[in-house]
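Reader: I'd like a close look at a single part of this model, the way you'd talk me through it at the bench. Could you pick a spot and then show me how it fits with its surroundings?

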There are 2 protein chains.
Amino acid sequence: MLSISTKLKNARVAHFSTVGPSGHPHIVPVCFVYRRRVFYTAVDQKPKRAPAQKLARLRNIQQWPQVALLIDHYEDDWRKLWYILVRGKAKLLPKSAAKEHKTAIRALQAKYPQYRAGMLTDDAPIIRITVERITSWHM
Amino acid sequence: MLSISTKLKNARVAHFSTVGPSGHPHIVPVCFVYRRRVFYTAVDQKPKRAPAQKLARLRNIQQWPQVALLIDHYEDDWRKLWYILVRGKAKLLPKSAAKEHKTAIRALQAKYPQYRAGMLTDDAPIIRITVERITSWHM
């Protein structure tokens, strides 16, 4: 059984849930990096349903920073099921956090080859999720 | 490219997001069946972090029925990425809905062999999610 931090580092995708202005939950799959109880995820160059400034995840966290991230593993052999639920606060990195922004971009590019091949621009908006609570479950 | 309804029928796991009393989002992976714009998911016999009546997903929907379900596909070949985001209302099936409850149990057992092998009891609580809106994305 892998440790929680190894699972979080290895996972390629997480499910990111925010709450909209009228209290409706929203979820999208996101690429991410995890280091020292902080997650970073970018508004990358994959096609989006809306321009960056209108993306539900960004609008939502600006009004209500409380979010959840789920990292999980499914297979039909249920003895191998597990999930990790992260609760925390999300914030769009401000221009003043230029150094942290650059570090996050570099870490995302190190993890995902696609991000080194043009799918992530150096000025991409970065969301920082600060962990408040991690719960984990496995069969 | 498969149709949305084929993707929804074929998927083995969904990510179910609810909102807690203090407005915090919560997510768990769930097994489910989908038929005619309704999803059913059960409180099954997999080990749980809390007894059924205290499960966050059940407490949450009783106070705030607005939920989201994400069904998605990730692989490192990003040309094959897709997701389907379902927004709707969730309700614990009441005792009076005995026929619908039985149909849902049978459909879950037909889809998941584990549910035919003791992982789902005939009296398991069933959550019905009525679809209000489906949005889909693919690369």
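Author: Let's begin with one helix and work outward from there.

A quick note before we start: this is a predicted model, where local features need pLDDT of at least 70 and side-chain atom pairs count only at pLDDT 80 or more, while totals for chains, interfaces and linings use all residues. Residue numbers run from 1 along each chain as its sequence is written, and chains are lettered from A, with ligands numbered from 1, in the order in which they are written.

The spot I'd pick is helix α3 of chain B, residues 98-111. Helices here are DSSP runs of H or I with at least four residues, strands are E runs with at least two, and both are numbered from the N terminus. The expected span of a helix is 1.5 Å times one less than its number of residues. For the 14 residues of α3(B) that gives 20 Å, and the end C-alpha atoms are indeed 20 Å apart, so the two values agree.

Now, which residues of α3(B) are buried? They are His101(B), Ala104(B), Ile105(B) and Leu108(B). Buried means that 20 or more other C-beta atoms lie within 10 Å of a residue's own; 12 or fewer makes it exposed, anything in between partly exposed, and the C-beta atoms are placed from the backbone. Looking down the axis of α3(B), those buried residues sit within an arc of 100°, so they line one face of the helix. The arc is taken from the directions running from the helix axis to the C-beta atoms. That spacing fits a general rule: an α-helix has 3.6 residues a turn, so residues three or four places apart point the same way. Flip to the other side of α3(B) and you find Lys99(B), Lys102(B) and Ala110(B) exposed.

What does the buried face of α3(B) lean on? It packs against β3 (33-35), β4 (38-42), α4 (113-116) and β7 (126-138) of chain B. Contact here means that the C-beta atoms of two residues, placed from the backbone, lie within 7 Å.

Helix α2 of chain B, residues 56-63, makes a handy companion, with Arg57(B), Asn60(B) and Ile61(B) buried. They cover an arc of only 95° around the axis, which puts them on the same side of α2(B). Gln62(B) and Gln63(B) are exposed on the face turned away from that buried side. The buried residues of α2(B) pack against β1 (14-19), β2 (25-30), β5 (66-73), β6 (82-92) and β7 of chain B.

Back to Leu108(B), one of the buried residues of α3(B). In the largest nonpolar core, which has 66 residues, the ones touching the most other members are Leu69, Leu70 and Leu108 from chain A and Leu69(B), Leu70(B) and Leu108(B). Such a core is a set of buried Ala, Val, Leu, Ile, Met, Phe, Trp, Tyr and Cys residues joined through C-beta atoms within 7 Å. Leu70(B) is worth a zoom: leaving aside neighbours within four places in sequence, its contacts are His15(A), Ile27(A) and Pro29(A), plus Ala14(B), His15(B), Tyr83(B) and Leu85(B).

That brings us to where the chains meet. The contact takes 31 residues from chain A and 31 residues from chain B. On the side of chain A that touches chain B, β1, β2, β5, β6 and β7 of chain A each supply at least two residues, and β5(A) has the largest share, five residues. By class, that side has 16 nonpolar, nine polar and six charged residues; Ala, Val, Leu, Ile, Met, Phe, Trp, Tyr, Cys and Pro count as nonpolar, Asp, Glu, Lys and Arg as charged, and the others, Gly among them, as polar. Of the interface residues of chain A, 100% are also interface residues in chain B, so the copies meet through the same surface. A rotation of 180° with 0.0 Å of shift along its axis superposes chain A on chain B, at an RMSD of 0.0 Å. That is the relation of a two-fold axis. The superposition is by least squares on the C-alpha atoms of residues with pLDDT of at least 70 in both copies.

One last stop, in chain A: Leu120(A) lies in the loop between α4 and β7 of chain A, and with 21 C-beta neighbours inside 10 Å it counts as buried. Among its contacts beyond four places in sequence are Ile105(A) and Leu108(A).
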